[in-house]
Amino acid sequence: MAQCTLKPDIDFTRKLTLAGGDSLKKCYQCATCAVACPLAPANAPYPRKEMVWASWGLKDKLTSDVDIWLCHNCGNCSDLCPRGANPADVMSAARNVVYQDLTAPKCVGSLMSKPSGLPILFGIPAILWFIVWWIRSLYNDGNWFPVRPDGHIVFGDIFYGDYTIDPIFMLTFFGALFILCRGAYKLWQSFKPDGAVAVIGEKGCWLCHLWHVLVDEVIFATRFDDCHDGPKTGKVTQTRRVGHTVLVWAFVTLAFVTAVVALGHWGGKIFPIIEITTPLHPMHLVKIIANVGALMLVVGLILLTIRRIAENSETHKSNYYDWYLLGIIWAVALTGIFSQVFRLAEAVGPAFLVYYLHLVFVWMLFAYLPWSKLGHLFYRTVALLYVRMYGRKG
Amino acid sequence: MAEKIGVYFDLANIGGGLDVQNLADEATKKWGDLIAVTKLVPELANAVSEIADDIAKEKLDGVLLCGASPRIDTELYRFPVQVDYVNLREQCVLSYKNPDGSPYIVADTAPKELQELALDYVQMGVAKLQKSNVPDSAAITTTPRILVIGGGWTGLTAAKEAASMGYEVILVEKKGELGGAVVNMPVVSPLGPMWDKKEESNLKFKIQAVTQDPKVTVYLNAVMEKLEGQPGEYVAHIATSEGTKTEAVGTVILATGWVPLDAKYLEPMGLGRSPKVVTAAEFGKMLVSGATIPARVAFVLDTTMAENAWKEKAEALAKEAEEAKPEEAGEATEAPFVKADLESMKHLQYSNAVNSVGMLRLANTVCEKTNDRSQAYILYKNMTVPGILERFYKKMQDRLGVMMTKADVTDIREVGDHMVVSCQNTLLGCDFDLDVDLVVLPTGLVPTTAKEVTVQFGYRQGPEFPDLELFDGFADSNYICFPYETRRTGVYAAGCVRQPLTLDACEVDAKGAVLKAVQCLEAAGHGVAVHPRALDNSYPVFNFVRCTQCKRCTEECPFGALDDDEKGTPKPNPARCRRCGTCFGACPERVISFANYNIDQIGSMIRQVRVPADFKKEGPRILILACENDAYPALDMAGMRRRTWSPFCRVIPVRCLGSVNAIWISDAMSKGFDGVMLLGCKYGDDYQCHFVKGSEICNRRMQNIAETLDRLGVQPERVEQLEVAIDEYDKVPDLIDGFVTRIVALGPNPFKGM
């Protein structure tokens, strides 16, 4: 093996401990974790090596490690660790550090890493949408809470889709997508070892592999079952499959209705036949689907939140990144539902206020996605695709 | 001499269809008036008061209990007269198999061979008791004072402990101040619960406690000049700056500690070549002196580099020595004593555990003192943390800057303003170079006994502990079974002179050694032995009339118990003696005996066995002399687990194979035995012999015995010494049967029937 000069970095280790890996120094390299892991293949085990890299502060090794993404955080390793080093938490911390540093502007990553960054992160969309609200109120004769003559509330009267919501969100969405792609590309490059790699396993085109990854991960989430069926740890581990799947499908559903509405709205300008005008009638099929999606979102959130709270805090700690993501989704879901409720109840003040908050949170969800735990949607997919391309199953 | 014996048969423990009444009748017929009482009791344990009554009423002076092994329920049968046992259970009925090798299915009537085996054992038992006496007392008036040599951590603990037990203490320290190595260690590894924190050594309090104790006399700048006498009444000559002081002491605790391994051994790792390479001891001193702590410190526990370099050097030296082999010197008589320097690279390896703990402590301190700005790398081959100090390990490693990996350190070199440490086979998944500002190497703890004569015994066998090279200079003799024991009864080693130890272990060691020293002191006062024959009140008695001053006993005694006068007449020191009988095994004139264990006694037992003249029809007869410490219990255990062996064997327990006198083998051969098997402990460098040298000496004597047998026209193969460990009960039956097969192949003893 090549002789390299090691650059141990205590600051990187410190960063990991702050990102949720505060137990990493307890590891004594027995490799129980690598044996316990139900996902780690026998010929490429983890997370033993990640633990020692973490301890030595080997940033390059850890951030270019594909295995941290393959971990689905079941916590078997933590349950079985004889030293209480909680490898699952350390793996999670390693991912958090990647979210933080992978893509520019890194100041966002830094703000995303701690609760003290929240006011600024919240403040940006809050001001943005406040300005929109203010400008639009001028169009309504200075009325900040316009009501139609029939008493109905139309959010579009203030947050007019064509000129406000759509351009801002499209810009946000595609901007985030661009940053994510850049991050994914960087990650992919860093996974690649120096020199050539001989692929031993099944070969195939990357699209086939991507399809398989999506089937396994998104459609059926079978990985969680592998996690759940891991070694007996003597502790009850609740499966995350149901909660996670429901949540994912809720997002898919909501993305679908958003797409339908967008298509109906913009497409309707060209083909009037498919035109959809909001607000939709509560019995409109698309609205029904949207509400089912919202309900699924809440169910998934409840399941996942209960699981996190019920988790044994000795061996599994939920870190700030976990709670941020759950929190922001909760905020999006609740403000979304309540803005509809208030709208239908014709409570004009609360309706606009909550809808305003809804926009703020949705913007936060999308704009900060590359630096949040939701980034795993992309980065884990990239990692899974990468290992499949190199003949591994995961 | 027992003259009125009561023989009791424990029916509950015999069984096997034996005709016990017949055994009793045969014994009475043979011994006549000697046997005053014969009883078959349903259960011996319930007959204790009955036996006591018989002793009083019939004025018995010996009791022979036939039933279970003598190792069972011994505490039940403590009578005011001599008690002996006949093992009819484990080594007779339970281990019996038919002569053709088939298993014995218990019948109402025992087969002839089993009945005969039992009868032989009963007759042997009576003979043994008949030839056994109650020993006279060897009690001496003892000096209730304990000499502690060495005033370091262990010595101070021992002195305080002994004083608190009510004994006077003489503490001898070589240097001008107390404290030893701990003087330079204000902060040390844990000394007590919770075993996870660095602690202040608080040495000054420990010293105060000793110096202020009125029972303790401290001699500073003092070394031992001579120790003579025996436990309980030793006389210590102490060389001090004010001349020689003479003190009467009872027993001795050796706590002379260690000296650091010579720097030359670590030179291959850069020590002495660069100021950026230091030993752990030196680094500890640096920390104490408040020197600036570098940003990157490598603690290198893997010393393979130095080991390999020294191995090569040693090979080259050995080759040189081979070539320049000196002329074979003539048989030198009484070569003057020269202390061999036993310091070697091995001491570094033995010190790995102490260094592991020490380096964890130092690495943690580095990070603590710099508030985690410095990084401390620990590169280990074996991170060895003894026992509960695992808790310390956990705590010490849990510090951001402590970075550890198993690694083969292959090179340490100076590059520019820093050092580069090259590592292979690491846990990090790659071989790497590490840039550091300081390299800390482990300290080798070399026991003082490897370098110098610490006690200066005024013994006939010389001033030093024998065979120290077996332990690479550590003052030890039976590492596993008898800690603190040295080869000199009454002198107990504790602390790093015995084994490299952490300070908490040194304290435990000191206390353990004090208990041993006290036990020995009291035992001498009662005239009884210390381990392994604890409380045995017999001792060797010399019939000097026939002594030829050959000095074999003096030389062979594993414990140097015997001194001699100018003419060579042995001078016994009963309190030094551990009652193994090696002296009488050695004596060609058979002038040495114990009251209850002697040449004549075993000889008589051998002669009690009926040896059939017809080898073909009635089988051979094999005598097994089994060491009572390991071999005999192994046979018992084999019996208990229904392992069987040839019914032609007769087992006699002996105190140690060292006590086997050649005359017993002649006795057996002339009686017509076809083979003699000596079953004893493992010997050699990793001996398991309770008396250290017994089985080895026996093995050496085997050569002479073979020559004697050859002269007599008996095949020397008829006598074999076999080794067995106490846990090898499953192997010992095969060992016996193998020997029997070899004897059967040899045919009958030519002396049979003569």
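## A two-chain complex, from its contact inwards

C4(A) sits across from F432(B), a residue of strand β21(B). That pairing is a good place to start in this predicted model, since it takes you straight to where the two chains meet. The predictor assigns the complex an ipTM of 0.91 and a pTM of 0.90. From the contact, the tour below moves on to each chain and then to one sheet and one helix of chain B.

**Where the chains meet**

- Chain A brings 19 residues to the contact and chain B brings 20 residues.
- On the chain B side, at least two residues each come from α11 (390-397), β18 (402-406) and β21 (432-436).
- β21(B) gives the largest share of that side, with four residues.
- By character, the chain B side splits into seven charged, seven nonpolar and six polar residues.
- β21(B) also pairs with strand β1 of chain A (residues 4-6), in the parallel sense and over three bridges.
- As general background, strands of a sheet pair through backbone hydrogen bonds, in either a parallel or an antiparallel way.

**Chain A at a glance**

- Chain A has 17 helices and one strand.
- Its C-alpha atoms occupy a box of roughly 75 × 45 × 40 Å along the principal axes.
- The radius of gyration of chain A is 23 Å, which agrees with the value near 21 Å for a compact globule of 394 residues.
- Buried residues account for 39% of the 394 residues of chain A.
- If you take the contacts in chain A between residues at least 6 apart in sequence, 74% of them link residues at least 24 apart.

**Chain B at a glance**

- Chain B contains 21 helices and 32 strands.
- Its mean pLDDT is 94, and 99% of its residues reach 70 or more.
- Along the principal axes, the C-alpha atoms of chain B fill a box of roughly 95 × 60 × 60 Å.
- Of the 754 residues in chain B, 51% are buried.
- For chain B contacts between residues at least 6 apart in sequence, the portion joining residues at least 24 apart is 74%.

**A five-strand sheet in chain B**

- Five strands of chain B form an open sheet with parallel pairing, in the order β9-β6-β5-β13-β24.
- At the edges lie β9 (216-219) and β24 (491-493) of chain B, each paired on one side only.
- From one strand to the next, the twist averages 20°.
- Helix α13 of chain B (residues 503-526) packs on this sheet and touches β5 (145-149), β13 (251-254) and β24 of chain B.
- The direction of α13 makes about 165° with that of β13(B).
- Strand β6 of chain B (residues 168-172) pairs with β9(B) in the parallel sense over four bridges.
- Within β9(B), Y219(B) is the bridge partner of V172(B).

**A closer look at A524(B)**

- A524(B) belongs to helix α13 of chain B, the helix that packs on the sheet.
- Is A524(B) buried or exposed? It is buried, because 30 other C-beta atoms lie within 10 Å, where 20 or more are enough to count as buried.
- Leaving aside residues up to four places away in sequence, A524(B) touches I140(B), T142(B), P231(B), G232(B) and A575(B).
- H690(B) is 166 residues from A524(B) along the chain, and their C-alpha atoms are separated by 20 Å.

Methods: Residues are numbered from 1 along each chain as its sequence is written. Chains are lettered from A and ligands numbered from 1 in the order in which they are written. This is a predicted model: local features need pLDDT of at least 70, side-chain atom pairs count only at pLDDT 80 or more; totals for chains, interfaces and linings use all residues. Two residues are in contact if their C-beta atoms, placed from the backbone, lie within 7 Å. Ala, Val, Leu, Ile, Met, Phe, Trp, Tyr, Cys and Pro count as nonpolar, Asp, Glu, Lys and Arg as charged, and the others, Gly among them, as polar. Two strands pair if DSSP finds at least two bridges between them. The radius of gyration is taken over C-alpha atoms; the globule rule is 2.2 Å times the number of residues to the power 0.38. A residue is buried if 20 or more other C-beta atoms lie within 10 Å of its own, exposed if 12 or fewer, and partly exposed in between; C-beta atoms are placed from the backbone. Axes are lines fitted to C-alpha atoms, for helices over the stretch in contact, and angles run from 0 to 180 degrees between N-to-C directions. pLDDT is the predictor's confidence in each residue, from 0 to 100.
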